[in-house]
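Here is a friendly tour of a structure, meant to be read with the model open beside you. Shall we take a look?

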There are 2 protein chains.
Amino acid sequence: MLAIGEFSQMTHLSVRTLRRYHEVGLLEPEVVDPFTGYRYYSGAQIPVAQVIHRLRELDVPLSDVQRILRSPDPDQRAALVAQHVERLESELARTRAAVVSLRRLLSPEPAPLQVELRAEPAVTVAAVEDEVGEDDVPAWYAGAMAELDAVLGPPAGDGPPGGLYDNALFEHGRGHLLLYRPAAEPPTRGRVHPFTLPAAELVVTTHQGEHEGIDVTYGELGSWVVDNALTVAGPVRERYLVGPRDTDDSAAWRTEIGWPVFRLANNP
Amino acid sequence: MLAIGEFSQMTHLSVRTLRRYHEVGLLEPEVVDPFTGYRYYSGAQIPVAQVIHRLRELDVPLSDVQRILRSPDPDQRAALVAQHVERLESELARTRAAVVSLRRLLSPEPAPLQVELRAEPAVTVAAVEDEVGEDDVPAWYAGAMAELDAVLGPPAGDGPPGGLYDNALFEHGRGHLLLYRPAAEPPTRGRVHPFTLPAAELVVTTHQGEHEGIDVTYGELGSWVVDNALTVAGPVRERYLVGPRDTDDSAAWRTEIGWPVFRLANNP
DNA sequence: ACTGGACTCTCCCCCAGGGAGAGAGTCCAG
DNA sequence: CTGGACTCTCTCCCTGGGGGAGAGTCCAGT
């Protein structure tokens, strides 16, 4: 039997951390003296502690560590671990994307922004809409676009697809999304149904390139809106003028961003 | 002037988070109404908020974000950012290493461990020693080894180098390190000085391969120590039988780990 | 000028995964 | 039997937020 200090030496986990793991039921000492409260660990617990240590180095939450340790089947454990490794990989991708747009933000010469104030009439389109969480947006988008294409047929000359993005999505990580394709007579089939985009005054600009970093353009547009003493009304609109459907060259992609505004009285 | 909710929409930072940033002085509203406490932001603050958002996505601590924003020189800012990207890369390397040794830990068939109990006589060597933090170990190791080689000349047939690792290093992230090379007449020059490794009973095993994951071997050795009813005495010893100095093939590296123990009375 | 709804304020509690230290009790070898 | 090393529990702190309560404010419509 090992006292906590000795066990700490063997496992390279701090005494404090071991006590915490006991507290949360992650690694219970083999014996706890009922009178003194002293914790005693067995040698067999060392490998267990090491697994915990490793998993924590991978930033696996303690609750998940617990699940992994409790699953008796090695294959299942391996699967759970693999799942976390995948999570880490996607984190890495996110990190790389953030670095790219950070460079753009910090570049001393911001490209001048072409902004246009445009009155958009109401138009009826074929739409798919849902309440979606931030993390599910790419998957939802792909599914919705596939369904639109399945119902409407391949893209014709009826104009680029677009979307409406609820502000709550950015603010609370969850919000209403709507994806549409222009259509002369929008059908109702599956999730696809007719929808009328309301008429609006839009502040419009175009984002060039990948979608990573599009929120920098959003910010620039926001600055413009404020500088011109306008105020925002309703969800943001995007239109995919050139996108992955059109070319694989992501540098050529063009996304139109339209921000509905109220035109103030003292503005022309 | 934008109220906090509008600013939140433009920057995709939550209202809560904006208030927090105000509180810690990271992003102060342009105007705060002295009577109502209402925060008002200017359009010019949007890009600033975006930079903060990006940096947070990179898990840059708020304090560092502050430093980056406060440095007026773009080059300097770029350097600070680059520094963080580097940090992230090394994190990634650490992650990969953790995955490797995790696989070893979870592999159903642990390789049997060759352990030996050996009486080691006292021996005088040429040593460099310091108090070192966990993160500085690799750099310290490289420097110490270089100094030893500079003083003693290229490795000769006087036996492999070795080290002593204070337990506090693992337990508290900081501890005493000693690196040595055997030498007939250890000189005193610079940090190099003679040192006598005390005689000891060592429980010895050999770790094969890269140093990543060496603590798994530590754990196995610890189990053995406990199972054989021994108790640990003093800092761990390592000896670099085959290391990066000898071959680039990391799979061929061999590190001897020796754990000083007290031999108990009831053991042979 | 009022009123209702949306917005904002502050304050407090919560999370993970620890770190730091106080003050008291316990273990064990000499 | 005594002293030093060890361990116990307890409380508070950190980062970077999230959630909600209850009160105060803003503004557009009537």
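## Chain A at a glance

Chain A contains 8 helices and 12 strands; helices (H or I, at least four residues) and strands (E, at least two) are DSSP runs, numbered from the N terminus. Please keep in mind that this is a predicted model, in which local features need pLDDT of at least 70, side-chain atom pairs count only at pLDDT 80 or more, and totals for chains, interfaces and linings use all residues. Residues are numbered from 1 along each chain as its sequence is written, while chains are lettered from A and ligands numbered from 1 in the order in which they are written.

The C-alpha trace of chain A spans about 80 × 45 × 35 Å along its principal axes. Its radius of gyration is 27 Å, whereas a compact globule of 268 residues would have one near 18 Å; the radius is taken over C-alpha atoms, and the globule rule is 2.2 Å times the number of residues to the power 0.38. Of the 268 residues of chain A, 28% count as buried (20 or more other C-beta atoms within 10 Å of the residue's own; exposed means 12 or fewer, partly exposed in between, with C-beta atoms placed from the backbone). Among the contacts in chain A with a separation of 6 or more, 68% are between residues 24 or more positions apart; a contact means C-beta atoms, placed from the backbone, within 7 Å.

Helix α1 of chain A has A:F7, A:S8, A:Q9, A:M10 and A:T11 as its buried residues. Just after that helix, A:H12 adopts a positive phi of about 60°.

## How the two chains relate

Two copies of a chain are related by a rotation about an axis and a shift along it. Here, a turn of 179° and a shift of 0.1 Å along the axis lay chain B on chain A with an RMSD of 0.4 Å. The two copies are thus related as by a two-fold rotation axis. The superposition is by least squares on the C-alpha atoms of residues with pLDDT of at least 70 in both copies. Within chain B, B:L92 comes closest to the rotation axis, with its C-alpha at 4.0 Å.

## The contact between the chains

Chain B brings 44 residues to the contact, and chain A brings 44 residues. On the chain B side, the elements giving two or more residues are α1, α3 (45-57), α5 (74-106), α7 (167-172) and α8 (214-227). The largest share, 15 residues, comes from α5(B). By class, this side of chain B divides into 23 nonpolar, 13 polar and 8 charged residues (Ala, Val, Leu, Ile, Met, Phe, Trp, Tyr, Cys and Pro count as nonpolar, Asp, Glu, Lys and Arg as charged, and the others, Gly among them, as polar).

The copies meet through the same surface, because 98% of the interface residues of chain B are also interface residues in chain A.

## Around the DNA strands

Of the 20 residues around DNA strand C, those that come nearest are A:L62, B:A3, B:G5, B:G37 and B:R39; a residue is near a molecule or strand if its C-beta atom, placed from the backbone, lies within 6 Å of it. At least two residues each are supplied to this surface by α2 (15-23) of chain A and by α1 (4-11) and α2 (15-23) of chain B. The surface near strand C has 8 nonpolar, 5 polar and 7 charged residues.

DNA strand D also has 20 residues around it, of which A:A3, A:G5, A:G37, B:P61 and B:L62 come nearest. Two or more residues each come from α1 (4-11) and α2 of chain A and from α2 and α4 (62-70) of chain B. By class, the surface near strand D has 7 nonpolar, 6 polar and 7 charged residues.

## Strands of chain B

Strand β5 (residues 123-133) of chain B runs antiparallel to β8 (residues 193-197) of chain B, with 5 bridges joining them; strands pair if DSSP finds at least two bridges between them. One bridge pairs B:V125 with B:F195 in β8(B). β5(B) also pairs with β7 (residues 174-182) of chain B in the antiparallel sense, over 9 bridges, and there B:E129 has B:L178 as its bridge partner.

Strand β4 (residues 116-120) of chain B lies largely in the open, because the number buried among its 5 residues is 0. β4(B) is joined by 5 bridges to β9 (residues 200-208) of chain B, and the two run antiparallel. B:E120 has its bridge partner, B:A200, in β9(B).

## A buried proline

B:P186 sits in the loop between β7 and β8 of chain B. B:P186 counts as buried because it has 20 C-beta neighbours inside 10 Å. Apart from neighbours within four places in sequence, B:P186 is in contact with B:T124, B:V125, B:A126 and B:P194. B:T17 is 169 residues away from B:P186 along the chain, and their C-alpha atoms are separated by 60 Å.

Conventions. Two residues are in contact if their C-beta atoms, placed from the backbone, lie within 7 Å.
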